[in-house]
Amino acid sequence: MVSKALLRLVSAVNRRRMKLLLGIALLAYVASVWGNFVNMRSIQENGELKIESKIEEMVEPLREKIRDLEKSFTQKYPPVKFLSEKDRKRILVTGGAGFVGSHLTDKLMMDGHEVTVVDNFFTGRKRNVEHWIGHENFELINHDVVEPLYIEVDQIYHLASPASPPNYMYNPIKTLKTNTIGTLNMLGLAKRVGARLLLASTSEVYGDPEVHPQSEDYWGHVNPIGPRACYDEGKRVAETMCYAYMKQEGVEVRVARIFNTFGPRMHMNDGRVVSNFILQALQGEPLTVYGSGSQTRAFQYVSDLVNGLVALMNSNVSSPVNLGNPEEHTILEFAQLIKNLVGSGSEIQFLSEAQDDPQKRKPDIKKAKLMLGWEPVGRNEIQLIIQETDWMSSATQVYGHVHCICKHKRVVLGSGDYVRERNWNDEPRVSRDQTLPNRRADSHTRLPRHRIPLSQCLSAPHSLTIDAGY
């Protein structure tokens, strides 16, 4: 009995030991499997991290390029004032891509108005207004005012016409059509929509004046069949049309007789005195003076003219108003001044006098002072604009400037405001055509400049292209 009991005890102990051993073995197996699983998971995660890091390395340059593209396509506009609906006007500017028209467009846009520019780009340039393209208040229409235009506007600034002698003499019939049929179409538009029209007339309506200075009541001394007649008489007829529409149809008209103006965005080769002399002096060519050089001119800065145009449009003055600078200089004085400022060795060459070239030109601006409270207050001295054209400068933003395009570099010659320098082979080359908000040097801190003598540019092999602004 005792032996059987011992055997049963030993058997039970063995069974329990076996169960314990099996349990331990099972736990060891589970632990082993779990360890392998954890190791495989860790290896997999490490592999995924490596793959992700490699993908990130490959994608990051693409993301950087996308960011660069987004920056390049993001249009930054000059600051625009907010106007309420009742104060905001719909304004049409014909010839708005030209020299004066583009500056007028800038002012009207920054004042918060909705501006539509119409231009056939005969002398105007899209680059003059490209900094507004895409803005909700701006629209650019490629259209010739000789053809009718049907839009809704509150004010019309009619500036469309070639203004420099080479341009308006190039196609005198087209000049006449623009100033007659074009003006007729704009007056018809003003009549239909009840808009006020401002005609950009000219001091050329006085011809070669026998009265000095010229006031608005002077009728002029014009050769009706001379080479300048297409422009002179075209503007005289345009004025006549304006007052005929005012008397017969009740159209509100304003007439500005604009005297010589200069500033950024002028075409350097358009035949005007200032641009001609700067170009010739920089190229080392003789400065050509037609006649004795005793003819007088009075130049106003473009920002002063724009302020005068806006003041006249918003005034109650319906009779013609002179807008110009009464400070008078001879052509020979301009030639000497520019020659000295540029430091050029150019000689002054006297040529035969141009036909019908006015001998005296000086506006009487008493009326503008009295009725508009306007007179030129900006940079009326030409010296302030071109005083630095004998040095190459580099910085960032252009206002008034002269471009020298050399074989290896394009350098902007300083004119008192911001200037920039770019390599000739740089891409994209949009900066040559870019003119962002007009800013005056007296209201901004001038950037530091690195200056190089002009002689280093002029002595290098290059083709010289000059633009006094655009």
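Q: How many Å should the 12 residues of helix H7 (residues 302-313) span, and how far apart are its end C-alpha atoms?

A: In this predicted model, the check rests on a rise of 1.5 Å a residue, so the 12 residues of helix H7 should span 16 Å, and the end C-alpha atoms, which are 17 Å apart, agree with that expectation.

Q: Is H7 mostly covered or mostly open, and which of its residues are buried?

A: A residue is called buried when its relative accessible area is under 20%. By that cut-off H7 is mostly covered, since 10 of its 12 residues are buried. They are Val302, Ser303, Asp304, Leu305, Val306, Gly308, Leu309, Val310, Leu312 and Met313. As general background, an α-helix has 3.6 residues a turn, so residues three or four places apart point the same way.

Q: What does H7 give to the largest nonpolar core, and which residues have the most contacts inside that core?

A: The largest nonpolar core holds 52 residues, and the ones with the most contacts inside it are Leu104, Leu108, Tyr157, Phe277, Leu309, Leu323 and Leu372. H7 gives the most to this core, contributing seven residues. There is also a second, separate core of 24 residues, which includes Leu189, Ala190, Val251 and Val255.

Q: Which residues does Leu104 touch, once its neighbours within four places in sequence are left aside?

A: With those neighbours set aside, Leu104 is in contact with Val93, Tyr157, Leu159, Val306 and Val310. Two of these partners, Val306 and Val310, are also among the buried residues of H7.

Q: Where is Glu239 placed, and is this residue buried or exposed?

A: Glu239 sits in helix H5, which covers residues 229-249. Its relative accessible area is 7%, and therefore Glu239 counts as buried. Apart from neighbours within four places in sequence, Glu239 is in contact with Leu199, Ser201, Val205, Val255, Arg257 and Pro320. One of these, Val255, is included in the second core of 24 residues.

Q: Which residues make a nonpolar patch on the surface, and is Leu20 buried or exposed?

A: Met18, Leu20, Leu21 and Ile24 make a nonpolar surface patch of about 400 Å². Leu20 belongs to helix H1, which runs over residues 2-73. A residue is called exposed when its relative accessible area is over 50%, so Leu20, at 54% relative accessibility, counts as exposed.

Q: Which residues are joined by a cis peptide bond, and where is Pro213?

A: The cis peptide bond joins His212 and Pro213, with omega at about -10°. Pro213 is found in the loop between strand E5 (196-202) and H5, the helix that also holds Glu239.

Q: Which residues have a positive phi without being glycine, and where are they placed?

A: Phe121 is one of them, with a positive phi of about 60° although it is not a glycine, and its place is in the loop between strand E2 (114-119) and strand E3 (138-142). Arg265 is another, with phi near 75°, and its place is in the loop between strand E7 (261-262) and helix H6 (273-283). Arg265 has 1% relative accessibility, so it counts as buried.

Q: How many helices and strands does the whole protein have, and what part of its residues is buried?

A: The protein has 11 helices and 18 strands, and buried residues make up 47% of its 470 residues. Among contacts between residues at least 6 apart in sequence, 77% join residues at least 24 apart. The accessible surface comes to about 24,100 Å², with 56% of it belonging to carbon and sulfur atoms.

Technical notes:
Residues are numbered from 1 along each chain as its sequence is written. This is a predicted model: local features need pLDDT of at least 70, side-chain atom pairs count only at pLDDT 80 or more; totals for chains, interfaces and linings use all residues. Side-chain values use heavy atoms; hydrogens and water are left out. Helices (H or I, at least four residues) and strands (E, at least two) are DSSP runs, numbered from the N terminus. Buried means under 20% relative accessible area, exposed over 50%, partly exposed in between (1.4 Å probe, protein chains only). Contact means heavy atoms within 4.5 Å. Accessible areas come from the Shrake-Rupley method with a 1.4 Å probe; for residues, only the protein chains shown count as cover. The expected span of a helix is 1.5 Å times one less than its number of residues. A nonpolar core is a set of buried Ala, Val, Leu, Ile, Met, Phe, Trp, Tyr and Cys residues joined through side-chain atoms within 4.5 Å. Patches are made of residues with over 30% relative accessible area and no salt bridge: like charges are joined within 9 Å, nonpolar side chains (Val, Leu, Ile, Met, Phe, Trp, Tyr) within 5 Å. A salt bridge is a side-chain nitrogen of Lys or Arg within 4 Å of a carboxyl oxygen of Asp or Glu.
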